[in-house]
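Trainee: Could you take me closely through the sheet of this protein, with the elements that surround it? I would like one connected account that I can follow on the model.

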Amino acid sequence: MGRLLGFDADQMAMALGLAATRAAGLKAQFGTMGKPYNAGLAASAGVEAAQLIAAGFQSNPDALDGELGFGATHHGAGNTAAALEGLGQVWHVEGLSHKFHACCHGLHAALEAARMLDLAAPEIAALTVRTHPRWMSVCNQIAPSTGLGAKFSYRTVLAMQALGKDTAQLESYSDASCADPRLVTLRDRIHVEADDTLSETEAHVSLLRRDGKRFEASHDLQAPVDYTDRQTRLLQKAAALLGTDTATEVWSVLQGEAAVSDFTRHF
């Protein structure tokens, strides 16, 4: 198809990259439009499947755990019991966490720890982040030039936070933000280190202020979050992404105060 559209070599390479991520959801797309596209494809597939069944489309109902189904071809034949272990007894929803920031999950613990320090750009002499080693190759872009790249950069998101930018807002992650001289200067005073004593959900932030005082804070994303605080922050982020009216409608449905049909009529 790329040849029919007259693609050059760069366009063809990008098209192949998207085709590859559609098949498997590749981490290589992190920092590009291909990353959120992975999640979008999963959501799109679910919606499309439901609509097809509603229209009378038929499918093999045993395709998950039946012969030559998803389990046999992706998890290995004979391992069904292990895959279903704890079904009906272990509820993963109890460990559900929320992304309060519009960036990579690996950055959230550091952002939450930094919130405790009340960062203000003019006061920062140096800022050091310690994180689990796995995140060093995922979200430690040193100096991204694009808003998408900023979503995978400790130095950039922490500089944004210190400059008063709302890290829950999509609009905060822009090419212009990455080129802001204030952000570039501050980013160079932020250092990231791997620490294998921390879990994947933990981060430690150390702030050295210009007056010589040092402050430190740690955060673990597994730590309980007060329900009222969780609700407030979720609604704030939903409003930033969907608009206040739509976010309010969705919340009403989730709370059982409105019917799903009241919301879906918009679509």
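Mentor: The protein has 12 helices and four strands, in what is a predicted model. Its C-alpha trace spans about 70 × 55 × 45 Å along the principal axes, and of its 267 residues 30% are buried. The accessible surface amounts to about 16,600 Å², with carbon and sulfur atoms contributing 57% of that area. When contacts between residues at least 6 apart in sequence are considered, 63% of them link residues that are at least 24 apart.

Now to the sheet itself. The four strands make an open sheet in the order E2-E1-E3-E4, and the pairing is mixed. Because strand E2 (190-194) and strand E4 (214-220) each have a single partner strand, they stand at the edges, and one side of each is left without a neighbour in the sheet. From one strand to the next, the twist averages 15 degrees. As background, the strands of a sheet pair through backbone hydrogen bonds, in either a parallel or an antiparallel manner.

At the E4 edge, strand E3 (residues 202-209) pairs with E4 in the antiparallel sense, over seven bridges, and within this pair Ser 206 stands opposite Glu 216 of E4. Helix H5 (residues 108-117) packs on the sheet, where it touches strand E1 (124-131), E3 and E4, and the direction of H5 makes about 140 degrees with that of E4.

The connection between the two antiparallel strands also deserves attention. E3 and E4 form a hairpin with four residues between them, and Gly 212, in the turn, has a positive phi of about 90 degrees. Gly 212 counts as exposed because its relative accessibility is 52%, and the cut-off for that class is over 50%. To place this turn within the whole chain, one can relate Gly 212 to Phe 30: the two are 182 residues apart in sequence, and their C-alpha atoms are 37 Å apart in space.

A covered element that reaches the sheet is helix H7 (residues 154-162), in which nine of the nine residues are buried. Those buried residues include Tyr 154, Arg 155 and Gln 161 as well as Val 157, Leu 158 and Met 160. The buried residues of H7 pack against two of the strands, E1 and E2, and against three helices, namely H5, H6 (147-150) and H9 (181-187). H7 thus shares H5 as a packing partner with the sheet, since H5 touches E1, E3 and E4. Just after H7, Gly 164 takes a positive phi of about 85 degrees.

One further residue may interest you when you consider charges. Lys 237, found in helix H10 (residues 227-242), is buried yet has no salt bridge, and the nearest side chain of opposite charge, that of Asp 166, is 9.5 Å away. Leaving aside residues up to four places away in sequence, Lys 237 touches Lys 99, Phe 100, His 101, Ala 102 and Ala 168.

Definitions and conventions: Residues numbered from 1 in each chain as written. Predicted model: local features only at pLDDT ≥ 70, side-chain atom pairs only at ≥ 80, totals over all residues. Heavy atoms only, no water. Buried < 20%, exposed > 50% of the residue type's maximum accessible area, 1.4 Å probe, protein only. Lys, Arg positive; Asp, Glu negative; His and termini not counted. Salt bridge = Lys/Arg side-chain N within 4 Å of Asp/Glu carboxyl O. Contact = heavy atoms within 4.5 Å. Pairing = 2+ DSSP bridges. Axes fitted to C-alpha atoms, helices over the stretch in contact; angles between N-to-C directions. Areas by Shrake-Rupley, 256 points an atom, 1.4 Å probe, with all protein chains shown as cover.
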